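User: Please take a close look at the salt bridges of this structure, and then set them against the parts that surround them. A connected account would suit me better than a list.

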Amino acid sequence: MFHVMKRMQDAAARPTRRNFLKMSAVAAGGLVVGSRLALPGAALAEGAAAEDAFTPFIRISPDGLVTVLNKHLDMGQGNATGLATLVAEELDASPEQMRAEFAPADVERYKNLAFGMQGTGGSTAIANSFEQYRKAGATARAMLVAAAAKAWGVPTGEITISGGTLSHASGKSGTFGEFAEAAAKLEAPAEVTLKSPDQWVYIGKSFPRLDVPNKTVGAPNTYGMDVQRDNMLVAVLTRPLAFGAKVKSFNADTAKAVKGVVDVIDVPGHGVAVLATSTWPAIKGREALEIEWDEAGAETRSSDALFAEYRELADTAGPVFRDDGDAEAAIAGAATVVEQVFEFPYLAHGMMEPMVLTIHVEGDRATLWYPSQFQTVDQQTAATVLGIPVQNVTINTLYGGGSFGRRTSPDARHIVEAASIAKIWGKSQPIKLVYTREDDTRAGYYRPMGVHKVRAGLDADGNLVGWHHRIVQQSLMSGTFFEQFMVHDGIDETSVEGVKDASYAIPAFHAELHSPKVGVPVLWWRSVGHTQTGYVVEAMMDKAAHAAGVDPLEFRRRHLSQPSGIAERDKDNARKLGVLDKVAEMSGWSGAQHGDRFRGIAVHKSFNTYVAEVAEVSRREDGTFKVENVWCAVDCGVAVNPDNVKAQMEGGIGYGLAAVLFSEITLTDGHVDQLNFDTYRPLRIEEMPKVVVEVLASAEAPSGAGEPGTPPVGPAVANAILAATGELPAVLPLTKAGLA
Amino acid sequence: MIRLNINGEDREIDVDADTPLLWVLRDELGMTGTKYGCGIAACGACTVHLDGMAVRSCQTMASDAEGMAIVTIEGVDGKAASAVQAAWRELEVPQCGYCQSGQILAATALLAETPKPSDEDIDMAMSGNVCRCATYTRIRAAIHRAAETMEG
Ligand code: FES
Ligand code: FES
């Protein structure tokens with residue numbers, strides 16, 4: 001998601017490395033954190049540790065358990081295990097003794113080094129922690145060794161650690177737990193040496209997912225939805241049907257009569273909340289609520305009308321974001337010109353666990369329990385709404401039941417809602433704000449809808465000579481705090497990523513962006529701009545290859561193998577060729593037709609990771625297509641946990657397929673038409689293709705895995721359908737044209 | 001007062017008769033392993049066993065479950081269940097994990113009935129269980145794996 005915020009690191013306070021390496025240990029009481037829950041990986045970091053004995057990232061308990069404080073949210077992408085792997089590697093710990101817990105909100109200690117605030121996104125969790133958590137592990141290791149050396153009266157250099165046990169040639173040995181207390185009192189070393197890659201035993205090999213055992217037994221206190229507090233009320237909020245509408249009047253008499261409903265309150269600017277002793281009465285109470293809305297000033301356009309406006313805009317000139325050579329002239333002089341208009345719908349994230357947040361306000365303090373993806377903004381927001389000091393807001397992060405970008409928004413709307421309800425309610429009582437699936441689907445914060453219009457010209461040899469690209473898409477960033485970093489001269493970087501840096505050899509490339517204002521809140525959605533831009537660029541490549549009569553793999557190779565004179569682009573192209581060649585080999589590529597099936601290929605870079613995919617489709621009797629197989633090759637630099645990278649590719653492919661085949665959010669007079677999984681159609685098991693993934697060996701710095709698997713699958717499927725029908729599917733989802 | 005037998009234990013709960021079993025489990029009994037995903041029988045996150053059958057607890061009124069054996073993720077056991085949970089761990093099926101209680105209950109019911117399921121059997125039995133993380137490839141593999149261990 002907000003990966004381009006990397007740029008913010010220049011503007012925001014930069015992390016100093018000082019604290020964590022010079023962190024002097026706290027004398028009191030060693031390291032008191034045991035396993036609070038019986039099962040490994042559980043993570044309710046209630047009242048986080050005050051001591052940073054082994055850096056702010058590691059605690060070691062007397063029973064030898066090593067708890068890694070994860071500064072990120074793990075919403076399924078596996079970073080809790082990833083960061084624990086980094087620590088275990090340098091600490092020479094055994095997987096069995098590792099635990100993961102979420103760090104408290106503390107921007108100084110736990111900021112994401114990619115953007116200077118504590119938050120998770122842009123597939124940065126491993127990338128920005130790679131050095132930091134290994135150093136933490138090495139620091140803790142040095143301290144344990146020093147403590148053992150002192151106790152045994154031997155030089156530190158003679159002590160070895162393996163599988164979590166310290167030993168000396170004299171026969172002396174001991175566990176981490178035995179030395180934890182003494183080690184915690186030592187000064188942390190100023191410098192540590194990290195292992196070289198050839199010494200790694202876990203990184204790049206395998207390490208068990210720490211959260212998996214809990215997630216196979218329905219362990220309590222795992223997710224935000226699981227939070228139960230004494231005396232807790234459940235709140236459901238009725239939000240307006242049209243974005244921006246206001247409550248004119250409401251009648252709560254029937255709602256209040258529902259057994260279990262405690263009160264119904266007006267939450268100005270947000271809607272009407274029903275408070276109940278538990279969830280079902282809250283839902284029932286809300287059904288009985290009568291509300292009259294004032295839609296003056298609300299967004300009441302239908303999505304069809306918006307598309308019509310967007311298509312018109314796509315015919316007019318807009319702010320330019322790329323202008324290499326004279327594209328108009330190149331296209332005018334081209335032997336062949338291909339042209340296409342693409343349409344993308346709004347998409348909800350539809351993560352399995354709807355939005356949820358529990359808040360308890362006590363005087364000038366507030367405690368929150370939920371999957372926090374953006375601690376710094378969330379904490380500040382809660383403090384502002386409640387009018388309390390920011391340090392009085394405690395955030396307990398739990399695992400997220402998915403997110404795909406949804407659990408973080410620049411306006412922290414869910415925090416504002418919950419804090420507002422708690423403030424209006426006024427009693428010191430925990431309140432759990434639950435979004436029902438309908439609330440979640442209807443709440444907005446969608447991937448923006450968009451229209452792209454592209455013209456490309458080919459010379460007589462079938463080489464691209466010019467590319468003209470116009471994007472019409474609502475800005476994610478304008479009007480938010482991030483605008484200053486992310487929008488330059490009318491160009492929102494997240495709208496154009498993937499086109500601005502399209503790296504094929506095309507001598508003349510011109511691109512423009514329109515950013516119409518629409519009252520529907522939009523948000524980053526797994527891979528942000530890349531599901532649209534990757535689709536358009538890669539589908540256009542096939543349309544051009546088709547017109548040139550060249551095999552699509554060969555066509556890509558040609559346009560990737562000419563030196564561009566720009567070092568970064570040449571490097572991109574070399575790595576793209578690497579994954580393309582690998583996926584061609586894996587799938588046994590021999591052209592777009594394969595027996596009675598058809599294949600499409602696509603390659604895309606996002607979040608510094610390169611992914612190529614081949615999709616194979618078959619045609620059903622009713623004319624729809626079934627995606628049978630997907631092959632995927634990924635180059636994400638050093639893959640800390642290759643099997644987890646595979647899992648993210650598999651999941652990213654399935655998630656992307658759902659969107660391409662079935663999912664759309666439409667509006668009728670500003671009201672969202674889809675409310676639940678019956679109409680906002682997810683992918684089901686029988687629709688999941690067989691997926692084979694290979695992770696390329698690489699010595700490059702680790703880059704993201706959570707998002708980059710998603711963008712290529714759409715165009716790979718589209719290109720397979722182009723091969724089958726001669727027509728490029730350009731309006732999504734494919735169900736609209738009867739193709740899925 | 002509603003009387004339910006849950007994971008072999010008799011419980012008495014004071015709720016309206018129309019309360020879905022899902023909310024009785026989660027809110028009244030604090031058994032939060034059974035998940036809420038959609039509330040309309042469209043996702044399977046709330047799957048439990050009623051007399052061995054996989055059902056959606058969000059669409060089962062608590063009063064309708066009286067007199068039946070209710071089994072949830074917290075209590076599921078037996079040959080099929082242990083094989084399924086072991087396979088889930090071995091193949092590291094869960095990502096976010098939120099759907100997995102339901103997946104495991106559905107897979108267990110399938111294997112209890114059909115010890116060696118084909119891919120089509122799996123599609124049929126598991127189609128109602130959505131996984132937004134799309135762990136389907138591993139779910140399928142883990143069901144086959146569990147079937148193997150049950151044989152052995
Ligand atoms: S919550 Fe019952 S099927 Fe979705
Ligand atoms: S593992 Fe996330 S929804 Fe299935």
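Analyst: In this predicted model, the side chains of A:Asp211 and A:Lys215 come together in a salt bridge, with 2.8 Å from N to O, and both A:Asp211 and A:Lys215 are buried. A search of the whole structure finds 53 salt bridges over all chains, and a few of them can be followed residue by residue.

A:Arg301 is joined to A:Glu299 by a salt bridge whose closest N and O atoms are 3.0 Å apart. A:Glu299 is buried, its relative accessible area being 9%, whereas A:Arg301, at 25%, is partly exposed. A related contrast appears in helix H13 of chain A (residues 413-425), where A:Glu417 and A:Arg413 lie four residues apart, about one turn of the helix. Their salt bridge has its closest N and O atoms 3.7 Å apart; A:Glu417 counts as buried at 2% relative accessibility, while A:Arg413 counts as partly exposed at 26%. This pair also belongs to a network of salt bridges that links A:Arg239, A:Arg286, A:Arg413, A:Glu417 and A:Asp439.

Salt bridges also cross between the chains, and the rule finds eight of them across the interface of chain A and chain B. One of these is formed by the side chains of A:Asp226 and B:Lys35, at 2.9 Å from N to O. The contact itself takes 59 residues from chain A and 51 residues from chain B, and the area buried between the two chains is about 4500 Å², of which carbon and sulfur atoms give 53%.

A:Asp678 offers another view of the contact between the chains. Leaving aside neighbours within four places in sequence, A:Asp678 is in contact with B:Ile40 and B:Ala42, yet A:Asp678 counts as exposed, at 55% relative accessibility. A:Asp678 is found in the loop between strand E28 (671-672) and strand E29 of chain A, and its C-alpha lies 51 Å from that of A:Asp198, a residue 480 places away in sequence.

The strand that follows this loop, E29 of chain A, belongs to an open sheet of five strands in the order E23-E24-E25-E26-E29, with mixed pairing. Strands E23 (593-594) and E29 (690-695) of chain A are the edge strands, each pairing on one side only. E29(A) pairs with strand E26 (residues 625-635) of chain A in the parallel sense over six bridges, and within that pairing A:Cys632 has A:Val693 as its bridge partner. Helix H20 of chain A (residues 642-661) packs on the sheet, touching strands E25 (609-619), E26 and E29 of chain A, and its direction makes about 135 degrees with that of E29(A). Helix H21 of chain A (residues 713-725) also packs on the sheet, touching strands E24 (597-606), E25 and E26 of chain A, with its direction at about 150 degrees to that of E24(A).

In chain B, helix H3 (residues 100-113) is largely enclosed by the rest of the structure, because twelve of its 14 residues are buried. Among the buried residues of H3(B) are B:Gln100, B:Ser101 and B:Leu111. From its first C-alpha to its last, H3(B) reaches 20 Å, close to the 20 Å expected at 1.5 Å a residue.

Notes:
Residues are numbered from 1 along each chain as its sequence is written. Chains are lettered from A and ligands numbered from 1 in the order in which they are written. This is a predicted model: local features need pLDDT of at least 70, side-chain atom pairs count only at pLDDT 80 or more; totals for chains, interfaces and linings use all residues. Side-chain values use heavy atoms; hydrogens and water are left out. Two strands pair if DSSP finds at least two bridges between them. Helices (H or I, at least four residues) and strands (E, at least two) are DSSP runs, numbered from the N terminus. Contact means heavy atoms within 4.5 Å. Axes are lines fitted to C-alpha atoms, for helices over the stretch in contact, and angles run from 0 to 180 degrees between N-to-C directions. The expected span of a helix is 1.5 Å times one less than its number of residues. Buried means under 20% relative accessible area, exposed over 50%, partly exposed in between (1.4 Å probe, protein chains only). Buried area is the accessible area (1.4 Å probe) that two parts lose on being put together, summed over both. A salt bridge is a side-chain nitrogen of Lys or Arg within 4 Å of a carboxyl oxygen of Asp or Glu.
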